[in-house]
Amino acid sequence: MSLTLFNILIAVIIAISFVGLNAAYLVWCERKGAGFYQRRPGPMENGPWGLLQPPIDGVKLMTKQLLIPGGVDKAIFMVAPVLAMFPALVSFVTIPFSETIVAHPINVGVLMIFASAALGGMSLLVAGWGSRNKYSMISSVRAVSQTVAYEIPLLITTITVVMISGSLNLNDIVERQLGGIWNWNIWPFQEAVGYNLLMPVSFLILFVCAVAETNRAPFDLGEAESELVAGFHTEYSSMGFGLFFMGEYANIVIGSCLITILFLGGWSCPIGDIGTFPFTDNVGWFLLKIYMIIFVFIWIRWTFPRTTIYGLLNLSWKYLIPISLFNLLLTAGLLKVF
Amino acid sequence: MGGYFTELFTGAWSLLEGMWVTLKEFPRKPVTLSYPHESVKMCRRFRGHIELIGDEEGKPNCVVCMMCQRSCPSGCISLHGEKPEGSKKKVLTGYILDFTTCSLCGSCVESCNFNALQFSNEYNLASTRKEDFVMDLLKRLEEQQK
C-alpha cells in the first residue's frame with residue numbers, strides 16, 4: 001500500500017468511524033447485556049430493540065452545555081478528554097484486521113499500542129488533577145496506581161508472545177498462528193511455543209490485565225460511583241464526558257483486538273486453511289473473535305461486584321506479576337531447549 | 001506457600017461459579033414488565049379509590065340515601081340526586097369524590113346498604129394537578145359501561 005495522502009485520509013476516516021460506531025453500539029450492547037443478565041429487556045423504546053438509543057444519546061450529549069467550572073486548570077482540563085480519545089484512535093493504525101486490511105503495519109506495532117495505552121493512563125491523571133475536585137483527585141491517584149500495577153504483567157505476558165513469534169510486528173505474530181485453532185498461542189502442545197504448559201495461564205493473565213487496564217468493572221476503582229461521585233470525569237459535561245466515554249469503549253475494542261492477535265490467532269480461521277470468511281477478507285473471523293471477547297467483558301462486568309483497592313493491587317503484585325515473570329523465564333528456557 | 005496456591009485456585013473457581021450463575025440467567029425471559037405498555041393486574045381485594053356499582057342496564061345501584069356522605073370522616077364525598085316525575089325512587093345525578101383528602105378508611109363502602117359502592121382496582125394514579133383527583137364517579141361508571 002502506497003502511503004499517499006488519499007490513503008491516509010481514507011484510513012483515518014475508516015478508523016474514526018469504526019471507533020465511533022463501536023463506542024456507540026457497545027454502549028447499547030452493554031445495556032442490553034446488563035438487561036439480559038438481570039432478566040430485564042434492556043433498552044426497548046427507541047426504534048426496534050432500542051437500536052436508535054445510541055444516536056439519540058449522542059445528540060443529547062452534543063446539545064448539552066460544555067461547562068468549565070471555576071478554578072480549574074483550564075488548559076489541562078480541556079486537553080484531558082482529547083488525550084483519552086486520541087491514543088485509542090492512534091492504536092488502530094497498526095492493528096491488522098486481516099492480512100491486507102491494516103492501516104499501516106509498523107515493525108514495532110506492539111510497542112506502539114502499549115505506548116498509547118500508557119498515554120491513556122496519563123489522561124486520567126491529567127483529568128483528575130485539572131478538575132480541582134477532591135474526588136477526581138483521589139480517583140486519578142487510584143487509576144494511575146492501577147494502570148501502573150497492571151501494565152507490568154501485561155507487558156511481561158506480551159514479551160512472552162513476542163519471544164515465541166520473534167517479532168514485534170502484529171502481522172508477524174498472527175502469521176505464526178495461521179493454519180487452524182491448534183496453532184494459536186493459547187495452546188501449549190506445539191513446538192513453536194516450546195510445549196509450555198502455562199500458555200493458557202498467560203492468556204488468562206493478559207485477559208485480566210486487559211480488563212483492569214480499560215478500567216472496567218470489577219476493576220473500575222477509578223470511577224467507583226458509590227465513593228467518588230463519578231471519579232475523574234465528575235466535572236466534565238457534554239462532549240468532554242462523551243470523549244472519555246468513547247475513549248473507554250475504544251480501549252475495550254483495542255484490548256480485545258490485542259488479546260485476539262496475541263493469543264487467539266488474529267484473523268486466522270479456526271478450522272485450518274479451508275475457510276475464508278464469507279464476503280470479507282477474513283476480517284469476519286477477527287471481528288467474531290473480538291466481539292466474543294467483548295461479550296465476556298460485559299459478562300464479567302455484570303457478574304462481579306467491584307473489588308477493593310487492596311484486592312486489586314494484591315492481585316497484580318502478588319499473583320499476576322510473579323506468575324507472568326515465571327512464565328517469561330520458563331518460555332525463554334523452553335524455547336532454547338526445543 | 002501452600003496457602004498461596006489454594007487461595008488462587010479456590011478464588012478462581014469461585015469466580016467461574018459466579019459467571020456460570022449469571023450465564024444461566026442470560027437466555028431466560030425477562031421477569032419485569034414494561035410498565036407503561038403493560039402493568040400488573042392488581043389483586044381483587046386491593047383498596048383503590050371507591051367506585052359505583054352498576055346494574056345490568058348500567059344504571060347505578062345507588063338510591064341517594066346519603067349514608068356514605070354522612071359516614072365519611074374527611075367529608076370528601078358529595079352526591080346529589082333528584083326524583084323524576086312519576087317515580088318513587090330518587091335517581092343519582094352526580095357523585096363527586098375528592099380523592100385528595102380520602103384516607104381510604106372504607107366507612108362509605110361499609111355503610112352502603114344497597115350494594116352500590118366498592119373499592120376499585122385503580123392504582124395508576126399520578127398527576128401534577130390537584131384537580132385530577134376530584135373524580136366524577138358517575139361519569140366513570142358510564143365510561144366503564146361503554
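Reader: At which residue does α11(A) bend by about 30°?
Author: This is a predicted model, in which local features need pLDDT of at least 70, side-chain atom pairs count only at pLDDT 80 or more, and totals for chains, interfaces and linings use all residues. Residues are numbered from 1 along each chain as its sequence is written, chains are lettered from A and ligands numbered from 1 in the order in which they are written. A bend is the angle between axes fitted to the seven residues ending at a residue and the seven starting there. A proline, A:Pro322, follows within four residues of the bend in α11(A), which is at A:Leu320.

Reader: How far apart are the end C-alpha atoms of helix α11 of chain A?
Author: Helices are DSSP runs of H or I with at least four residues, and strands are runs of E with at least two, numbered from the N terminus. The expected span is 1.5 Å times one less than the number of residues. For the 29 residues of α11 (residues 309–337) that gives 42 Å, which agrees with the end-to-end distance of 41 Å.

Reader: Which helices are included in what covers the buried residues of α11(A)?
Author: A residue is buried if 20 or more other C-beta atoms, placed from the backbone, lie within 10 Å of its own, exposed if 12 or fewer, and partly exposed in between. In α11(A) the buried residues include A:Leu312, A:Leu315, A:Leu320 and A:Asn327. Contact requires C-beta atoms, placed from the backbone, within 7 Å. The cover includes α5 (134–165) and α7 (199–213) of chain A.

Reader: What is the radius of gyration of chain A?
Author: Chain A has eleven helices and zero strands. The radius is taken over C-alpha atoms, and the globule rule is 2.2 Å times the number of residues to the power 0.38. For 338 residues the rule gives 20 Å, so chain A is as compact as a globular protein of that length, with a radius of gyration of 20 Å.

Reader: Which helix gives the largest share of the largest nonpolar core?
Author: A nonpolar core is a set of buried Ala, Val, Leu, Ile, Met, Phe, Trp, Tyr and Cys residues joined through C-beta atoms within 7 Å. The largest has 76 residues, and A:Tyr249 and A:Leu258 are among those with the most contacts inside it. The largest share, 15 residues, comes from helix α9 (residues 238–263) of chain A.

Reader: How many residues does the contact take from chain A?
Author: Chain B contributes twelve residues to the contact. The number from chain A is eleven.

Note on methods: Two residues are in contact if their C-beta atoms, placed from the backbone, lie within 7 Å.
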